[in-house]
Amino acid sequence: MTTHTPPTSPRHIAIIMDGNGRWAQKQHMPRTVGHAKGAAGVKALVQHCTKLGIQCLTLFAFSTENWSRPADEVSILMNLFVQYLEKEMGALAATGVRLKVIGDVAGFAPALQSRIRAAELATQNNQTIILAVAANYGGQWDVVQAVKNWQTANPGADLHSLTQAHLAQHLSTADMPDLDLLIRTGGEQRISNFLLWQAAYAELYFTDVLWPEFGESELNKALHWYATRERRFGKVPQQRKEIA
Ligand code: IPE
Ligand code: IPE
Ligand code: MG
């Protein structure tokens, strides 16, 4: 059952799920245990967002830069992704989740590409929430692929006719609401090539909590903080505008 969304709730939340490795190291475990624990918590968080009436949740799972990690760690991350698509997506799909994978999917093994396509297809008519998993995603890649796609869609068009609105229609987030809240766990205060274009006016929330420990109550904290923000979009503050 979707609950009422107050106007101060974000429509689109994105999360840089950082801190898996450090979480595992704190428990004297291999980094990959942290990735497994981090992945295991995703389902409950998606369900929580669904209950809150959030329209779209975008999760940064694997960046274009993460290929530079040791091969065994990359391989564990890929396996977790496959397992997720196989085991967890069914349950999520049953609650109305529509899965989208954003990123350069062509960089994945063919078997993973087919699983991604199958999961997207199976959930394409679901309407409760969009779960966008950013995999082999880079914000810079997204802008470049948008320009290329615009050109493909408009063969022969003069590049000078390209506008911001056109480009936005070809970004991987084109059919999602504007990004309202960008959360990064794990203590770093950087974007790490995530949604560069889309974060233009997002509220940025950084927390030291490591991703495997980021649960419903931590998300609620971020939402309460978000509700206190005044989103001015370049305008003057509300009171001053009334006086003027
Ligand atoms: C985030 O956790 C997961 C991915 C980048 C795939 P990290 O693996 O970056 O964890 P830390 O930052 O090393 O603790
Ligand atoms: C960002 O985390 C990527 C993901 C969470 C998937 P990283 O751990 O890769 O970021 P940096 O390297 O610390 O900037
Ligand atoms: Mg990290």
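Visitor: What are the residues around ligand 2, and what makes a residue count as near a molecule?
Guide: They are Ile16, Met17, Asp18, Phe60, Ala61, Phe62, Asn66, Arg69, Arg184, Arg190 and Ser192. A residue is near a molecule or strand if one of its heavy atoms lies within 4 Å of it. This is a predicted model, in which local features need pLDDT of at least 70, side-chain atom pairs count only at pLDDT 80 or more, and totals for chains, interfaces and linings use all residues. Residues are numbered from 1 along each chain as its sequence is written, chains are lettered from A and ligands numbered from 1 in the order in which they are written, and side-chain values use heavy atoms, with hydrogens and water left out.

Visitor: What makes the pair between Ser192 and ligand 2 a polar contact?
Guide: A polar contact is a pair of N or O atoms within 3.5 Å; within protein, one must be able to donate a hydrogen and the other to accept it, and residues adjacent in sequence count only if both atoms are side-chain atoms. A polar side-chain atom of Ser192 is 2.6 Å from an oxygen atom of ligand 2, so the pair qualifies. For side-chain N or O atoms, the distance to an oxygen atom of ligand 2 is 2.7 Å from Arg190 and 3.3 Å from Arg184.

Visitor: How much of ligand 2 does the protein bury?
Guide: Alone, ligand 2 exposes 390 Å², and the protein buries 78% of that. Such areas come from the Shrake-Rupley method with a 1.4 Å probe; for residues, only the protein chains shown count as cover.

Visitor: By class, what is in the shell around ligand 2?
Guide: There are five nonpolar, two polar and four charged residues. Ala, Val, Leu, Ile, Met, Phe, Trp, Tyr, Cys and Pro count as nonpolar, Asp, Glu, Lys and Arg as charged, and the others, Gly among them, as polar.

Visitor: Which residues come nearest to ligand 1?
Guide: Of 13 residues around ligand 1, these are Asp18, Gly21, Arg22, Arg31 and Arg69. A polar side-chain atom of Asp18 lies 2.8 Å from an oxygen atom of ligand 1. For Gly21, a polar backbone atom is 2.9 Å from a ligand 1 oxygen. A backbone N or O atom of Gly19 lies 3.3 Å from an oxygen atom of ligand 1. Taken alone, ligand 1 exposes 380 Å², of which the protein buries 87%.

Visitor: Which element supplies the largest share of the shell around ligand 1, and what makes a run a helix?
Guide: Helix α1 supplies the largest share, three residues. Helices (H or I, at least four residues) and strands (E, at least two) are DSSP runs, numbered from the N terminus. For ligand 2, strand β2 (residues 56-63) gives the most, also three residues.

Visitor: Why is Val33 called partly exposed?
Guide: Buried means under 20% relative accessible area, exposed over 50%, and partly exposed in between (1.4 Å probe, protein chains only). Val33 has 29%, so it counts as partly exposed. Val33 lies in helix α2. Its C-alpha atom is 10.0 Å from that of Pro212, 179 residues apart along the chain.

Visitor: Why is Gln198 called buried?
Guide: Its relative accessible area is 13%, which is under 20%, so Gln198 is buried. Gln198 is in the loop between β5 (181-184) and β6 (203-206). The side chain of Gln198 makes a polar contact with that of Thr173 (2.9 Å).

Visitor: Which residues of helix α3 are buried?
Guide: In α3 (residues 42-52), they are Val42, Leu45, Val46, His48, Cys49 and Thr50. Gly53, with a positive phi near 80°, follows α3.
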